[in-house]
Structure formats: C-alpha cells, structure tokens
Amino acid sequence: MKIQCELGCSKIFELNDVAAKFQYLPKKVERHYIECPHCQKQYTSYYLNEPMKVLQRKIRTLSEKGMHTTKQKNKFTQMKGQLGIMMDQLKKDHEGND
Ligand SMILES: [Zn+2]
C-alpha cells in the first residue's frame with residue numbers, strides 16, 4: 001500500500017517499507033504510529049490501553065478457538081464493536097474532536 005506524506009514532505013512511500021513503531025504515553029497508553037522515511041513526519045495509527053489489550057486477547061482467543069454457536073458469534077461481534085468504540089474514544093481523548 002502506498003502512502004503519501006500529506007502533512008510533511010508530500011513524497012510517496014510504501015507502507016510495507018516502514019516499520020510500525022509505538023511509544024508509551026501516560027496511563028499506560030500506547031500510541032502506535034508510522035514514520036515517513038523521508039522527513040520523519042509521524043502518523044498515528046491507533047492508541048491502545050490496558051483494558052483494550054485484555055479485550056483484544058479475548059477476541060483473539062475466541063477467534064482461534066473458532067465460533068461454533070450463535071452465542072459465541074454474537075459475543076465476538078459485540079467485543080469487536082466495543083473495541084472499536086474504545087479505540088475511537090481513546091483517539092478523541094488524545095487528539096481532540098475533529
Ligand atoms: Zn515525509
């Protein structure tokens with residue numbers, strides 16, 4: 001996937017060539033981001049905190065075990081939805097509303 005460095009040097013780079021990085025913010029929040037190889041402009045991919053990691057583990061476990069019942073499938077969908085909401089919220093907390 002090609003990405004243009006819109007907020008920096010405007011050059012185009014290949015997403016696969018860029019290592020995903022992360023840094024720790026206060027309250028054990030991880031900020032995951034990529035960095036333009038030309039000008040080092042950073043682009044945030046997503047934020048992650050402890051409760052979200054727990055939820056991610058549960059989602060992974062459930063998908064590895066396989067979902068055999070409607071109840072399991074519903075639980076899976078519900079957890080993924082919840083994770084999405086938490087991600088949006090955390091992003092808002094750190095970047096403000098836009
Ligand atoms: Zn750049």
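Domain bounds here come from an automatic or database domain assignment. Keep in mind, too, that this is a predicted model. With that said, let's work through some exercises.

**Exercise 1. The two domains**

Task: Find which residues make up domain 1 and domain 2, and work out how many residues of each are in contact.

Solution:
- Step 1. Start with the bounds: domain 1 covers 1–47, and domain 2 covers 49–98.
- Step 2. Take the centre of each domain over its C-alpha atoms; the two centres are 23 Å apart.
- Step 3. Now look for contacts: 5 residues of domain 1 touch 6 residues of domain 2.
- Step 4. Sort the domain 1 side of this contact by class, and you get 3 nonpolar residues, 2 charged ones and no polar ones.

**Exercise 2. The open sheet**

Task: Give the strand order of the open sheet of 3 strands, and say which strands stand at its edges.

Solution:
- Step 1. Follow the pairing across the sheet: the order is β3-β4-β5, and the pairing is antiparallel.
- Step 2. β3 (21–25) and β5 (42–48) each have a single partner strand, so each is an edge strand with one side lacking a neighbour in the sheet.
- Step 3. Compare the directions of neighbouring strands: on average they are turned by 30° against each other, direction ignored.

**Exercise 3. Bridges and hairpins**

Task: Determine how many bridges join β3 to β4 and how many join β4 to β5, then pick out bridge partners.

Solution:
- Step 1. Between β3 and β4 (residues 29–35) there are 5 bridges.
- Step 2. Within this pairing, Lys21 has Tyr33 of β4 as its bridge partner, and Phe22 has His32.
- Step 3. On the other side, β4 is joined to β5 by 6 bridges.
- Step 4. Here Arg31 stands opposite Tyr47 of β5, while His32 stands opposite Tyr46. His32 thus appears in both pairings, with Phe22 and with Tyr46.
- Step 5. Next come the turns. The hairpin of β3 and β4 has 3 residues between its strands, and the hairpin of β4 and β5 has 6.
- Step 6. In the second of these turns, Gln40 has a positive phi of about 65°.

**Exercise 4. Positive phi in two loops**

Task: Locate Ser10 and Lys27; is Ser10 buried or exposed, and is Lys27 buried or exposed?

Solution:
- Step 1. Ser10 sits in the loop that links β1 (2–4) and β2 (12–14). Its phi is positive, about 70°, although Ser10 is not a glycine.
- Step 2. Lys27 belongs to the loop between β3 and β4. This residue is not a glycine either, yet its phi is positive at about 60°.
- Step 3. For exposure, the cut-off is 12 or fewer other C-beta atoms within 10 Å. Ser10 has 11, so it is exposed.
- Step 4. Lys27 has 8 other C-beta atoms within 10 Å, so it is exposed as well.

**Exercise 5. The helices**

Task: Check the span of α1 and of α2 against the expected value, and ask how many residues of α1 are buried.

Solution:
- Step 1. The 16 residues of α1 reach 23 Å from first to last C-alpha, close to the expected 22 Å.
- Step 2. For α2 (residues 70–95), 26 residues at 1.5 Å a residue should span 38 Å; the end C-alpha atoms are 37 Å apart, so the two values agree.
- Step 3. Burial comes next. α1 is hardly covered, with a count of 0 buried residues, and α2 is hardly covered with a count of 1.
- Step 4. Look just past the helix ends: Gly66 follows α1 with a positive phi near 90°, and Gly96 comes just after α2 with a positive phi of about 80°.
- Step 5. Place α2 against the sheet: the helix lies across β4 and β5, running at about 125° to β5.
- Step 6. Finish with Pro51, which lies in α1 (residues 50–65). Its 13 other C-beta atoms within 10 Å make Pro51 partly exposed.
- Step 7. Although Pro51 and Met86 are 35 residues apart along the chain, their C-alpha atoms are separated by 9.1 Å.

Terms used. Residues are numbered from 1 along each chain as its sequence is written. This is a predicted model: local features need pLDDT of at least 70, side-chain atom pairs count only at pLDDT 80 or more; totals for chains, interfaces and linings use all residues. Helices (H or I, at least four residues) and strands (E, at least two) are DSSP runs, numbered from the N terminus. The expected span of a helix is 1.5 Å times one less than its number of residues. A residue is buried if 20 or more other C-beta atoms lie within 10 Å of its own, exposed if 12 or fewer, and partly exposed in between; C-beta atoms are placed from the backbone. Two residues are in contact if their C-beta atoms, placed from the backbone, lie within 7 Å. Ala, Val, Leu, Ile, Met, Phe, Trp, Tyr, Cys and Pro count as nonpolar, Asp, Glu, Lys and Arg as charged, and the others, Gly among them, as polar. Two strands pair if DSSP finds at least two bridges between them. Axes are lines fitted to C-alpha atoms, for helices over the stretch in contact, and angles run from 0 to 180 degrees between N-to-C directions.
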